[in-house]
Each structure stands twice: as C-alpha cells, then as structure tokens.
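Here's a structure to look at together. Let's take some of the labels people put on it and ask what earns them.

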Number of protein chains: 2
Amino acid sequence: MNGAKSLVETLLQSGVDTCFANPGTSEMHFVAALDQSDGMHCVLGLQENIVTGMADGYYRIAGKPACTLLHCGPGLANGLGNLHNARRARSGVLNIVGDQATYHRPLDAPLTADTDAMARTVSQWVRTSTRAADLGQDAAAAVQAARTFPGQISTLIVPSDVSWDEGGVVAAPLAPPAPPAVDGSAIDKAARVLRGHGNVLILLAGQAVMSESQALAWRIARATGASVMADFVTPHLARGRGRLQLERVPYVMDAAIEALGGFDQIILVNAKPPVGFFAYPGKPSTLYQPQTQLHVLTRPEQDPVQALRALAEALNAPHAPIPDPGPRPQVASGRPTPEGLAQTVAALMPEHAIVSDESISYGRGFYRYTHAAPPHDWLHLAGGAIGDGLPVATGAAIGARRQRRVISLQADGSAMYSLQSLWTQARERLPVTTIILNNSKYNILLGEYRDVGAIPGRTAMNMLDLGDPALCWVRLAQGMGVEAARATTMEECADLMARSFESTHPFLIELMV
Amino acid sequence: MNGAKSLVETLLQSGVDTCFANPGTSEMHFVAALDQSDGMHCVLGLQENIVTGMADGYYRIAGKPACTLLHCGPGLANGLGNLHNARRARSGVLNIVGDQATYHRPLDAPLTADTDAMARTVSQWVRTSTRAADLGQDAAAAVQAARTFPGQISTLIVPSDVSWDEGGVVAAPLAPPAPPAVDGSAIDKAARVLRGHGNVLILLAGQAVMSESQALAWRIARATGASVMADFVTPHLARGRGRLQLERVPYVMDAAIEALGGFDQIILVNAKPPVGFFAYPGKPSTLYQPQTQLHVLTRPEQDPVQALRALAEALNAPHAPIPDPGPRPQVASGRPTPEGLAQTVAALMPEHAIVSDESISYGRGFYRYTHAAPPHDWLHLAGGAIGDGLPVATGAAIGARRQRRVISLQADGSAMYSLQSLWTQARERLPVTTIILNNSKYNILLGEYRDVGAIPGRTAMNMLDLGDPALCWVRLAQGMGVEAARATTMEECADLMARSFESTHPFLIELMV
C-alpha cells in the first residue's frame, strides 16, 4: 500500500474517524485513500480557519481528536488563528498538512513555504514525515500527541511523495501518557490554606470546570468557607440545573481586580495565575493583589478530579448538594437586551444543549440569567483570536453526532471572520441555531478606544464601525443555504428560536441589538 | 509625543498614506494617533487576509507600499496567506502588528503568541520595536525595507507600551538601496547565445513583463529570431493594444513541458528557472528539458529595462513596432464559455482597466482572446494560496484612486476564501465589477484527482464539490451591500457588465458556468 493508505488506516485504528478538510493538489493521494476506506467522516470547510475551528469544537464535545486536512504551508497559515484558540482551549487537534514532494521542495515552487515554522507557532508536536514506510508510525505518534491530556495541537506534515510512494505500513495505536501525578504536598498545602483564617478562592479552569470537579470544589467550599470561581479563560463549562452557579473572573480589568481583590489566598485548580487580557497604561498586569498568595493545586495537564477528591478527603469535607438555582427564567419581551436574550435562551433551550458563545461585549452578563436553565455545556473563545464561535459551533454539532441542539451566540464583527461556517452547517444538516447580535460595530473596541481617553473621530470610526454598509445576515445566511430571519423584539426572537429548536436543520436569527 | 504618534508621522513623511486595517485593543493608541493626524486613508477589512491582500493589490497598482494594521500574532496569522502571495508577487507591504506590552508578554495572556516567528515565515524584514524613542526610526527602516526593489514584505511589531509611552521621535525617510547593478558579463553571454544557432526563449517575469521591457524584448526577438514568453508566475502584466501578445508558460505540466521543450536555451529576465507548481509521480520537476541551458540575464531584484536595453544595443537590434493584435473582439452570445467571457471582457473593458484574475481553471485560455482589448493591466495570483483575487481587486481600485475600472474574474471556490472583500468595496465605493464563475466545485482539484487515476467516489466528492447547498452569490453580495445579479447567458453577462462599467459603485455578476 502507499503511504496515504497507511496513514488513513492508522488514523482509523487510532480512533480518529472525523476529518475536517480543505484539500489541495498535494493531498490528492490522501483524498483517494480516504475514498477507498470506510469509516472516515469527511467534512469540507470553505476556508482553513473554519476547518481548524471545527476540529476544536469537535474535540470539546466528542472528547477525542479529529484530524484536519490542510494544503501546504499557506493552507495551514489560513487556519493558524483557530489553532491558536484551540491551543489555548487545550483541545486535541491533529493536523495533516500536505506539502511539496521532498525532491521538489528545493526548487521553491510558488506554494513552497516554511510549513514547519508555521506549524511550530501553534503546535506542541510537529513532525515532517520523510518516507512512506514511516508515515504510519508518524501518524500513530501524532494521534498520541493530540490525545495527551488534556489535549494538544499536533501537526504532521506529509510531503506528497511520502503519500504516493509504496511501502506504507499501518501502525498500531499508541496510548497517550498518563497525566503527571497529583502532588501530595500540594494537597497538604491547599488543605492547610483552607483550614486557615484567610479569605480563600478556589479558581477553576480547563478540565476543572466540568461537573465532577465542580461538585468536589463545592464540597470543599462548603466545608471551609472558601469561594469558588471559574477563570475568565474557560473554553468549556458544564452549566445549568445540577451544576454549580459559577461566575467567571470578569474580562474588564477593573471589575476583575475588584472580584479578586478580597482574597488573601487563591488555590489554582488547572488555572493559571489570573492576568489581564491586555496591559493598560498605569494599571497592573495581574488581576490579584500583590500580597495575594497563589497555590498551585494542579497544573492544566493534571487530573483535577483526583486532586480535588484527595483534598476533600484531607479536609473531611462532607458531601454537599449543589444549590438550587431557583425557577427557570421566562421568555423576555420587548426591546432586545443582553439580560432578555439570556433569559430567553435559558427559558427555551432543550436539555443538554451546547452554547457556543462568541458574544464578546454583549454577552458579559449572560451567566447570571442562565444558571437555572436545563443542564447544558457552554463553550467560550479561549485564545482571544475572534472568529471561532461559528466554526466551534459547527464542529461541536458534529462531535455530538447531531444529537444535541447547538446555540451559537455570536457577535457580528467576529462572525464576519468565519461566516463560511454556515455553509458547512447546511451541508451537514446540523441542528445549529445561530443568533447574530447585530450592533453594526466593533463594540469592544469602541470601549477600548474610549479608555485611551478620546472620542473617536472620523478616521477611528472608519476602523471601528460596521454600519456603512449595513450587513444583512439574513441574506448572507441564505446565500450559503441556511434559512434565516430577522428579529427586532425578544418576542420575535423567542418565536424563531422555538421554531428552530423543532427543526433538525440549521437556522440563523439576526437579532438587531 | 507618544510612540504611536511618531509612528504615524514617520509613515506619512516616508510616503505611506494608506493603511489597510483590522485593529484590536493593543492598537488603540495607534488608532488614536491616526485620528489626530491628517493624510492617512484608513480602509477597514473584515478579516486580516482581506487586509493583507488589499495591500498587495494596492502596491501592484500604486507602485508604493501601504501599511497594514494587524492585531497581535493571531491577527497577523489570519493574514499570512495573502502575505505569502504578496511575497511571491514581490509586492512591497509594510505590516504594523500591535502586540502585548513588553512587560505583559511574559505573563502569557491569551492572545500572546510567537508573533516574530509568524512574521518571519513571510517577511524579508522583521523587527520588534522595544521603546518609544526608537519607534520612529524603526518605522523609517521598515518602509525602506518594503520599498526595496522590486518590493518586500516588512513587518514591524509594536508592543502596546512602545505605542503609548512618551518620547517618540519622528524619523526622516530612508531611501531604499539601488537595485544590484546589471552584470555586464551576463549581457555579453546572452548576446552570444542570441547570436548563435539554437532555439532561444526569452522568459520574462516580475518587473520584466511591463511595457518598456516588453518593447525591448520584442526588439531583441525580432533581431535574433528568439521567442518571448512570460513566466506562469507573473503577478502583473501590461496587456492589450500596444503591448506584446505574450503568452504565459501553461500551468498544466504536460502543456508547459511541451511549450518549453523546443528551446535549447532560455534567457531568464527576472524569471526563475521554470518548475512545476507541484510534483507528480513519474513526471519531472522542471518544465525545461535536461539539455536546455539556462542563462540568468537579471535576477528578480535587478532592473530588467536597463539590462534589456544594454542587450538590445549589444545586438544592434533595430527598433521594432509591436505587432497589431487584430480587430477588437465582439461581445459573445449564448451559453457562457471561457472564450466567450474573454471576448466579452475584451469587447467591453474601458481603457486602462485592471483585471484581477483568480479564475483558476476556467481562465487558462483568457489571454488569447484579450490581446486586442484596449491597454490594460492584468493581475494574477502569484503564490498559489487561493483567496487573493477579491482583496487584490479591492486594493488595486484604491491604488488607482478609484480612477480605473477593476474587473475581478473570480472562481467561486477561491472567492469563498475572502468574500468579505465585497463589503470593503461597498464601503469605499470602489468601481469594481466582480464576475463570479459559479461552477459549484473545486474544478482544478477534480482534474488533479483524475490525474491520480481514479474516479471520485462519495468521500472524495464530499471534499471537492460545492453544490450542496448551492451558493447564491447574488445574496452573498447583497448581504454585504454590493448590488448583484445573475447571468446565465453571455448576452445577460454583457448587459450587466456594460451597465456596471457606467457606475462608480461595485457590482457583482454571478455567471453560471
């Protein structure tokens, strides 16, 4: 068999059965090998940042990596933004990047680029396969790297002759290494801190914001009087009835400093020390006070459940029921507001829905009004590179095998980065309801601009305003085969949401906010 | 003044008066400085690959660099694809990339990335400015690098504190270095080759396909019996009445080998040795025969006019009028065909039009039918990373100060990479007529797939076909504020083209091919 065939078979044997793709000439032997094999679901994205963003969303929901198929260095380059986000989300993604044949590369044909250097900017693991006989084992190692807890970006570069040459050997799956063991002295230390007299915050992030860790953190908090929060940078949070009413550290620096300012001690559970998203003149870089003491219970690559369970036991913390979030909110009415939208989403969402939230400035208060929704998963942009909301929603729907409703809460400016995702949603008949928050501006930047201390003039507004011409999201969606309608009141929005939740096809609501 | 202000003033003094932008928080002081200065035209692109592609198109027509404004490493990453293309086109582009404050970077906030490494994958010149006092001189050096003949990618990374700190100093413009002198012995050698008895090809590329070089090459060819061709990789060609009826080396390997096979000697004028765009199993990598001798008259960074003039004089080649291309073609009728479209474009285009051609497989025969059009410029994708046609058209219209008609001949699959360009065309009221060649597939890849020796099955077609769902380009354009209509015959297409050429606003024709 040729290298490409050994690659496909190795991927399938290693449990990779979904391929998000935008192939080119140098990948045609891989495409042919996929055609000859059963079991790989291939999903086309119309630009590579859609492809990589879908792989991120897929991992967060399926809990196992998909592969991407990208065309040479420039194809990988187009997908780097959402690979950056996936890396920050600690998602496992395996990139297969076709490239010039080994003997053709020195001739510097037009698409030749430093693919390896591009890959290294976002990947924990990079390898260029150099002969067909090695491609199977390279692929097995690449899957192993992507599956390394909690998930890594792994990039396998495949020169086209390595694909088409004969001599391919299918490789057996390689088990990923176990997460580094929890440190007993860190547990002892945390227990001492929690038994002390200070104000203690247990700050959860990454894998530590899923249900089991939440329940354990709550046990500890109840027993010790500590507080519990989620880091702002939280890619995936288990939420709704039966889950903890966690709030995230706020995005806005002053609010974040206020939220964290009262704590003498912060115990980091898979969280990094909280720092500002950006620096601002005359403001601190860190969100905690200089005198606050930080304690690392677990690093992001360790198992938080094991550590929190050991900590709860060390503290003899009794089981504590998760507090009731109160009655489920009602559908809102009147003019669209962030609160009204959040209440309406909470009122209408089906059980086990997935929310893909790239609402940016509009959505900062959504959590407060959605605690009493049915159990659901909430996905956030983790790397700050806008344009991951729509592809993450798309990949999440595929990761859930179309069995869960996906609700995509999406700012308009960010949506324009990756609107091509809608086409894939239509092609794959995905149950995704997109709500575009059309405010016709980069609202977050207008806020940041005012913080610079100036009123935007004509030149600045020219770079911050999206209203001339107005985008029509109904037409954009329809142009890509997605049914869509505009809502100007919460009643209209609720009606469209309810109708969309009945359908198995994608739908887009353009909410004029 | 702060660093940002010194940056803006230095750019303006260095002749950079156009800024293609998609800013973020770390660029807000630069945006504020732009607001306080007169003379910079700021053009918003809704995704960074639009921004960088526009800067490429601008340079090709304006002949001087614009700057881009990009947000941190991931913002740069989103624009790398078209920077790769701009590098291959040897366009001059100056990227201003805002980044984390110098003291904030070690804290690894979410948007932190290896911006320098990303920049180096596409740039000839990269510098991270480290203090406000240096930013002016760093900017002057960056402009100098971008203007280095024939044009370079230059990236200046500006940490946000370097922007906002006081102590900025405006720097005087730096003249770019003169191109490396033409090599007298290369001219002697070429003259000997041309006086000999072999079949000689003069292969032009880069700056050597503009009018003056064409006339000189034709003089030499007439005097010696040599042939003249343009390289396939030609970003910008002067064409139409009064220009040489040049054909490009074909894209398809077998055709290219046939076109070049008859030549014993090839004289390279700003061209590289012609090689395949990709390697294929069992086929050669180079397009010339093993026994063909290559002679470098000028490298891409040398002045071809000087060299060709010296060569013509060495050969005592008399002045030779450019051959008449025959009568101007008529508007075609009936079913759309590549020939019919080319004839119709040639029949209707105004003088000094600019054609941005990303027609990929559909446009391979366009040249033959457009030699007798009025004088015009023809722009091609030079780096093979699809998605530069629409942004290049947009930037070219701005580079021509809205005074020239731009005709964008655009394959549908590639158009989906950068459709956001249409919004900028509407915002800037640009005289761009886009003709989308809607064939609902990645046609070039279907050809490549068949070359692998197989008929595409369901999995392969799933990655090569764009027809499910069908894209509606009329709705997509309207959604971004661009008037649009569909044409199914050449008569309809001609009517819409003629009407659009009368208007100063952008228009999109969806041609069903």
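Q: What volume does the largest cavity have, and what makes it a cavity and not a pocket?
A: This is a predicted model, and in it the largest cavity has a volume of about 50 Å³. A cavity is a set of points where a 1.4 Å probe fits but cannot get out, whereas a pocket is an open set. By this rule the count comes to three cavities of 30 Å³ or more.

Q: Which residues line the largest cavity, and what makes a residue count as lining?
A: A lining residue needs an atom within 4 Å of a point of the cavity. Those of the largest cavity are Leu7(B), Ser26(B), Glu27(B), His29(B), Phe30(B), Leu69(B), Ile96(B), Gly98(B), Val158(B) and Ser163(B). Helix H2 (28-36) and strand S4 (93-99) of chain B each give at least two residues to that lining.

Q: How do the residues of that lining divide into nonpolar, polar and charged?
A: You get five nonpolar, four polar and one charged. Gly counts as polar here and Glu as charged, so Gly98(B) goes with the polar ones and Glu27(B) is a charged one.

Q: Why is the relation between chain A and chain B called a two-fold axis?
A: Chain A lands on chain B after a rotation of 180° with 0.0 Å of shift along the axis, and the RMSD is 0.0 Å. That is just how a two-fold axis relates two copies, which is why the name fits. The same surface serves both copies, too: 100% of the contact residues of chain A recur in chain B.

Q: How many residues are in contact between the chains, and how much area is buried?
A: With contact meaning heavy atoms within 4.5 Å, 98 residues of chain A touch 98 residues of chain B. About 8,300 Å² is buried between the two chains, and carbon and sulfur atoms give 61% of that. On the chain A side, Pro110(A), Tyr417(A) and Met463(A) lose the most area to chain B, together 9% of what that side buries.

Q: What makes the pair Asp465(A) and Arg427(B) a salt bridge?
A: The closest N and O atoms of the pair are 3.7 Å apart. The cut-off is 4 Å, so the pair qualifies as a salt bridge. Between chain A and chain B the count is eight salt bridges.

Q: Which peptide bond leading to Pro469(A) is cis, and where does Pro469(A) lie?
A: The bond from Asp468(A) to Pro469(A) is cis, with omega near 0°. Pro469(A) sits in the loop between helix H18 (458-464) and helix H19 (473-479) of chain A.

Notes:
Residues numbered from 1 in each chain as written. Chains lettered and ligands numbered in written order. Predicted model: local features only at pLDDT ≥ 70, side-chain atom pairs only at ≥ 80, totals over all residues. Heavy atoms only, no water. 1 Å grid on protein atoms, 1.4 Å probe; cavity = no way out; pocket = protein on both sides within 12 Å on 5 of 7 lines; lining within 4 Å. Points joined across faces, edges and corners; volume = space filled by probe spheres on them. Helix = DSSP H or I, 4+ residues; strand = E, 2+ residues; numbered from the N terminus. Least-squares fit on C-alpha atoms with pLDDT ≥ 70 in both. Buried area = accessible area lost by both parts, 1.4 Å probe. Salt bridge = Lys/Arg side-chain N within 4 Å of Asp/Glu carboxyl O.
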